[in-house]
Amino acid sequence: MDKMNDLEGLVMPVLDKYIPQFSDLVYTLAVVLLIVLISAGIHFLLHRVVISWVGGRAQGNRQIWRQAFFERKLFSRLALTLQGIIIYIQAGVWLESESTLLPIVQASAHIWILLYSMLSLFSLLDALLDIFQHKPAMLNFPLRGIFQSIKLIASIFITLLVISTLIGKSPLILLSGLGAMTAILMLVFKDPILGLVAGIQLSANNMLTVGDWLEMPKYGADGAVIDIGLTTVKVQNWDKTITTIPTYALISDSFKNWRGMSESGGRRLKRSLLLDSSSVHFLQSDDIHRLQRAQMLAPYLDEKVQELTQYNSAQKLDLSSLVNGRRLTNIGTFRAYLERLLKNHPHIHQQMTLMVRQLEQTPNGIPIEIYAFTNTTKWVEYEAIQGDIFDHIFAVLPEFGLRAYQTPTGYDMRSLARVEQEESQQRKMG
C-alpha cells in the first residue's frame, strides 16, 4: 500500500494539474500499463532466459525425467502460474481498493492461477507416466487409469473454484449442494468409477498389462494391448485395426491372455491329419525291410519285430490268418515315426508335452493329431516350423502306404467320368 500511495502521490498531482477531468482514468490506465510491462518483462525473463537455458541443458542430458518434464511443458506452465500470482499481487499493490478494476483484475488472475495450476498438475502426471513406462516394475500398475482419475477429480475441484470466484461465493456453498447431486454424479461418472475399480483389480491380480496378447471375441479383440486407460482398453489387432474395450468389461466378462504362452518360451502346436481309412493295413516283410532303412525308425522296428516274434512264438499261433497274432500296422508305425520326428526336431520344445495320438474316426477319415510345443513364441517362426513339419508329413505318407483323406473335387469327378467313358468305348470296340 505504501508503494501505491507513493506512486499515486507522485503521479496524481501532475495529472490533476494538466488533465483534471481525466486524471483518475489516466492513472488507472497507467497502472494497468505498468502491470502489463512488468508481467511482460517477467514472462521474457522466465521463458526466454531461464526455461530456455534449463531446457537446453535437459536436451543434452540422458536422464529420462528431465526430458519428460520439458516435453510435457511442466516448467512453462509453472512459469505461467507464477505470472498469474505476480499479476494478482501487483493489482493489490498498484490499484486502489476502491477501484472497480481491482476485483476484475484479481478475479481474472485468480482464474488464471487455477487453470494453469491444473494444467501444471496434468503435465506432472503425464511426465511421471512417461518416466514409469520405462520401468519394468511399474508396468503392472494401472497408472494411466489412476492418473486419469486424479485429473478428473482435479478438473471438478478447479471448476468449482472457478465458479465460486465468478459468483463471489465460498466454494463450500457449492460443495454442500453437491450432496443432493450425488446420485446424478454417480450416474454421470459411472464409467470412470467402474474403470478405476477395474484397473485396480486388474493390477492387483496381475491380469493384464500393456503388451499382453489379449483375445476377447465378444468385442472382436485379438491382438496386443497398447493402452490401459480409465474407461477403455485399446487393443491393436493383428490386422492393425484398433479395438476399444470398456475397462470394467475385463472384470465382468471373460477374456484370454496369452502372456503365459509368451513367458513359457513355447507355443502349442496342435493340428490333425486326416488319413483315408481304406489305406490302413498290416505291414508285410518287404514293407518292414524298406522302412528299416529310415534311421529314426530302424530301432523301433527292430524292437517291435523282436517283441512280436517272441509273443507269437510263445502263443504258437497260426500266422497264416491275419486275424491271429500281433502284427505291425502302417498307421501305428507312422505314429511311432512322427513321435521320433518331433523328438529329434531342433525347433520342438523337448521339456513340454509331446505326443502323437489317434483320435476317434470321423466320416472324413482317421485323425492323427500332433500335440507339441515349438521352442519359439514368435508368430512368423511358429508358422514356418509348423508348415515345415506338415510338408514333410504329407510327402512321407506314401512310404507307409497311407493316403491323406480328401473330399472329391470337380477335377476328380471329371477324371472319373473320362475313365468311365474310355472303358465304355473299349467295351463297344471289343
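The following exercises, with worked solutions, concern salt bridges and one backbone angle in a predicted model.

**Exercise 1.** Determine where lysine 240 lies and whether it is buried or exposed.

*Solution.* Step 1: Lysine 240 is found in the loop that runs between strand 3 (232-237) and strand 4 (242-246). Step 2: Its relative accessible area is 61%. Since exposed means over 50%, lysine 240 is exposed. Step 3: Most residues other than glycine have a negative phi. Lysine 240, although not a glycine, has a positive phi of about 75°.

**Exercise 2.** Establish which residue pairs with arginine 357 in a salt bridge, and which elements the pair ties together.

*Solution.* Step 1: The partner of arginine 357 is glutamate 369, with the closest N and O atoms 2.5 Å apart. Step 2: Arginine 357 belongs to strand 7 (residues 355-358) and glutamate 369 to strand 8 (residues 366-374), so the salt bridge ties together parts 12 residues apart in sequence. Step 3: Arginine 357 is partly exposed at 33% relative accessibility, whereas glutamate 369 is buried at 5%.

**Exercise 3.** Describe the salt bridge between arginine 403 and aspartate 276.

*Solution.* Step 1: The closest N and O atoms of arginine 403 and aspartate 276 are 3.4 Å apart, and a salt bridge requires such atoms within 4 Å. Step 2: The pair links distant parts of the chain, 127 residues apart. Arginine 403 lies in the loop between helix 15 (379-396) and helix 16 (410-429), and aspartate 276 in the loop between strand 6 (267-275) and helix 12 (285-291). Step 3: With 41% relative accessibility, arginine 403 is partly exposed.

Note on methods:
Residues are numbered from 1 along each chain as its sequence is written. This is a predicted model: local features need pLDDT of at least 70, side-chain atom pairs count only at pLDDT 80 or more; totals for chains, interfaces and linings use all residues. Side-chain values use heavy atoms; hydrogens and water are left out. Helices (H or I, at least four residues) and strands (E, at least two) are DSSP runs, numbered from the N terminus. Buried means under 20% relative accessible area, exposed over 50%, partly exposed in between (1.4 Å probe, protein chains only). A salt bridge is a side-chain nitrogen of Lys or Arg within 4 Å of a carboxyl oxygen of Asp or Glu.
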